[in-house]
Amino acid sequence: MASKSIRLYNTLTQSKQPFVPLEPGVVRMYVCGPTVYHHLHVGNFRSFVIFDTLARFFEGQGFRVLRVQNFTDIDDKMIARAKELNVSVPELAERYIAQYAEDAQALAIEEPYAAPRPTEHIEEIVSHIGDLVAKGLAYPLEGDVYFRVSAFPGYGKLSHQTSEERLAGARVEVDERKEEPADFVLWKGSRPGEPNWPSPWGPGRPGWHIECSAMARCYLGDTLDIHAGGQDLIFPHHENEIAQSEGLLGHPFARYWLHAAMLTMDGAKMSKSQGNIVPLSDLRVRYRPQAIRLFLLSAHYRTPLAFREELIEGSEAALTRIENCLTRLGHLLPHAAPDDKGDQSYLEHLEHAERAFDEALSDDLNTAQAQAVLFNVVREANTLLDVDSAQSVIRQADSFLRRSLATLGITLAEDAVELGDEVERLIAEREQARRSRDFQTADRIRDDLRAKGIVLEDTPQGVRWHRG
RNA sequence: GGCGACGUAGCCAAGUGGUAAGGCAGAGGACUGCAAAUCCUUUACCCCCGGUUCGAAUCCGGGCGUCGCCUCCA
């Protein structure tokens, strides 16, 4: 059979490559996290959910995953926003890190191995910059420190464009003090009143790009297996990280660079600066978070995904369909034939589906394809349950669905098992009424319970209920 | 202008050489006391024009259109 290898599209090589970790069985993965100055929107979470799913898949395949995802808690935006809200920068950071945590929990994003913040790693950052200066790769300038792009020959290898090529279309004001327009800031001297830390070049704060280089190295070592983020980070952020890290250390910073495409809204990228954002904290109270996650994984991660609220509604319907299937499986299990063999051909079919599901995710994390496999199993299981069922089949279908959902990070809330005596009594009463063909009473009870959020469904195996 | 992508049913979206996954929505039907759930049926000239090939949504060329990055950005 084809190799079981996982293939990932590497932005660096612009091709899909078999994934081979540096250390067998361990995946060292750094995901660029958010700047915590505002509510995060659904678009931000697309990439976090995607790379969380990748980590879950690796784990399911037996890897140990060291996933680091940072919080940027100091930069110009943080300072400006803190001033706007009249709070300190650390207070601002705490507020939005807490907000992120709530959002992430709702979307079932697993706790990372580490969630570092630059303000807690100033020492490593300053030291990294100092080494770059000593090596001639950076130069101090009036309290700032800049990276000398001309001293790093590989600059442009990730974004596949040299700085000269970029210059042609440059529409940006160039800081005339810099040696070259492409040089970027590593350390930013502070102005009065701004948060600052001591350094050999005077008080200041880290530039944006350096934090990831320094913190990734700190937690994961000199070479990462995977470095991931949104496509909009390819340039300049990740290009600069490569320069900072490889310039200093002299070997590859990350072996696989993964980039998630943007979530779009009316054809344009969802982004704060364009003012077309939907904060996750708003969305998740209107729609089930699991449905939001299902939606975010409904397209392949390198394809732009169109966002509209009605699409989330569609995902809710799809999610309900899966849950109904699981409910049916659970409900029918006690009534099924205790036949150990079950339907042999269907069991084989399920095994095939399991392979197909893994294969889809192995192929550059094709979550859309994986979802298709999952929904096919839902339909086939339903078909089977309509006519016949054996316990072995039910158990296996149930376990396939649960395992697949867990891999995608779709965690289903189990209905509370307790209905309460009163409700139990009403359900029994309705059953009695139905048996005596008193449908008026039966329907009245059903309506009453529905009003209380308990939905009854009559099946050949007896009444079934769910909350809704 | 440079670099990188994309254009598949009403909508979202898989599929990189052998006549098109999946989800949502719509229509019809089966089942049901009625519902609910479920199942079945049903909707695609794969942007356009050339080329390569026995054969292309899939490869090549051209065109049209859209998006991203080049400035903070997941």
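Ala, Val, Leu, Ile, Met, Phe, Trp, Tyr, Cys and Pro count here as nonpolar, Asp, Glu, Lys and Arg as charged, and the others, Gly among them, as polar. With that in hand, load the structure, which is a predicted model.

**Stop 1: the largest pocket**

Select Thr-35, Lys-77, Trp-208, Asp-232 and Leu-233. Of the 44 residues that line the largest pocket, these are the closest to its centre. The volume of this pocket is about 1100 Å³.

Next, colour the elements that give two or more residues to the lining: helix 1 (42-60), helix 2 (76-85), strand 7 (184-189), strand 8 (204-206), helix 6 (208-220) and helix 7 (234-249). Which element gives the most to the lining of the largest pocket? Helix 1 does, with five residues.

Now colour the lining by residue class. The view should show 17 nonpolar residues, 17 polar ones and ten charged ones.

**Stop 2: RNA strand B**

Show RNA strand B and the residues around it. The strand is surrounded by 68 residues, and the closest are Lys-77, Trp-208, Gly-230, Leu-233 and Lys-269. Lys-77, Trp-208 and Leu-233 were also selected at the pocket, where they are among the residues closest to the centre.

Which parts of the RNA face the protein? Of the atoms of RNA strand B within 4 Å of the protein, 66% belong to sugar or phosphate, and the rest belong to bases.

Three residues are worth selecting one at a time:

- Gly-230: a backbone N or O atom of this residue is 2.2 Å from a sugar or linking oxygen of RNA strand B.
- Arg-328: a polar side-chain atom of this residue is 3.4 Å from a sugar or linking oxygen of RNA strand B.
- Asp-443: here a polar side-chain atom lies 2.5 Å from a base nitrogen of RNA strand B.

Then select helix 12 (residues 367-387). Helix 12 gives nine residues to the surface near RNA strand B, the most of any element. Coloured by class, the surface near the strand has 22 nonpolar, 26 polar and 20 charged residues.

**Stop 3: His-38**

Go to the loop between strand 3 (26-31) and helix 1, where His-38 is found. Is His-38 buried or exposed? Its relative accessible area is 18%, and buried means under 20%, so His-38 is buried.

Show its surroundings. Leaving out residues up to four places away in sequence, His-38 touches Arg-81, Tyr-96 and Lys-272. With one of these, Lys-272, the side chain of His-38 makes a polar contact to the side chain, at 3.4 Å.

**Stop 4: Pro-279**

Select Pro-279, in the loop between strand 12 (268-269) and helix 8 (280-286). Setting aside neighbours within four places in sequence, Pro-279 is in contact with His-39, Leu-40 and His-41.

For a distance to draw in the viewer, join the C-alpha atoms of Pro-279 and Glu-316. These two residues are 37 residues apart in sequence, and the line spans 18 Å.

**Stop 5: the cavity**

How many cavities of 30 Å³ or more are found in the whole structure? The search finds one. The space in the largest cavity is about 30 Å³.

To see its walls, select Ala-106, Leu-107, Ala-108, Pro-289, Gln-290, Arg-293, Gly-409, Ile-410 and Thr-411. Helix 9 (residues 289-296) supplies the largest share of this lining, three residues. By class, the lining has five nonpolar residues, three polar and one charged.

**Stop 6: backbone details**

Keep Ala-108 from the cavity lining selected. Ala-108 lies in the loop between helix 3 (89-106) and helix 4 (122-134). Its phi is near 60°, a positive value in a residue other than glycine. At 12% relative accessibility, Ala-108 counts as buried, because the cut-off for buried is under 20%.

Gln-14 also has a positive phi while not being glycine; the value is near 55°. Find Gln-14 in the loop between strand 1 (7-10) and strand 2 (15-18). Its relative accessibility is 48%, so Gln-14 counts as partly exposed.

The last selection is Phe-235 with Pro-236. What form does the peptide bond from Phe-235 to Pro-236 take? The bond is cis, with omega near 0°. Pro-236 belongs to helix 7, one of the elements coloured at the pocket.

Notes
Residues numbered from 1 in each chain as written. Chains lettered and ligands numbered in written order. Predicted model: local features only at pLDDT ≥ 70, side-chain atom pairs only at ≥ 80, totals over all residues. Heavy atoms only, no water. 1 Å grid on protein atoms, 1.4 Å probe; cavity = no way out; pocket = protein on both sides within 12 Å on 5 of 7 lines; lining within 4 Å. Points joined across faces, edges and corners; volume = space filled by probe spheres on them. Helix = DSSP H or I, 4+ residues; strand = E, 2+ residues; numbered from the N terminus. Near = heavy atom within 4 Å. Polar contact = N/O pair within 3.5 Å; in protein donor to acceptor, adjacent residues only side chain to side chain. Buried < 20%, exposed > 50% of the residue type's maximum accessible area, 1.4 Å probe, protein only. Contact = heavy atoms within 4.5 Å.
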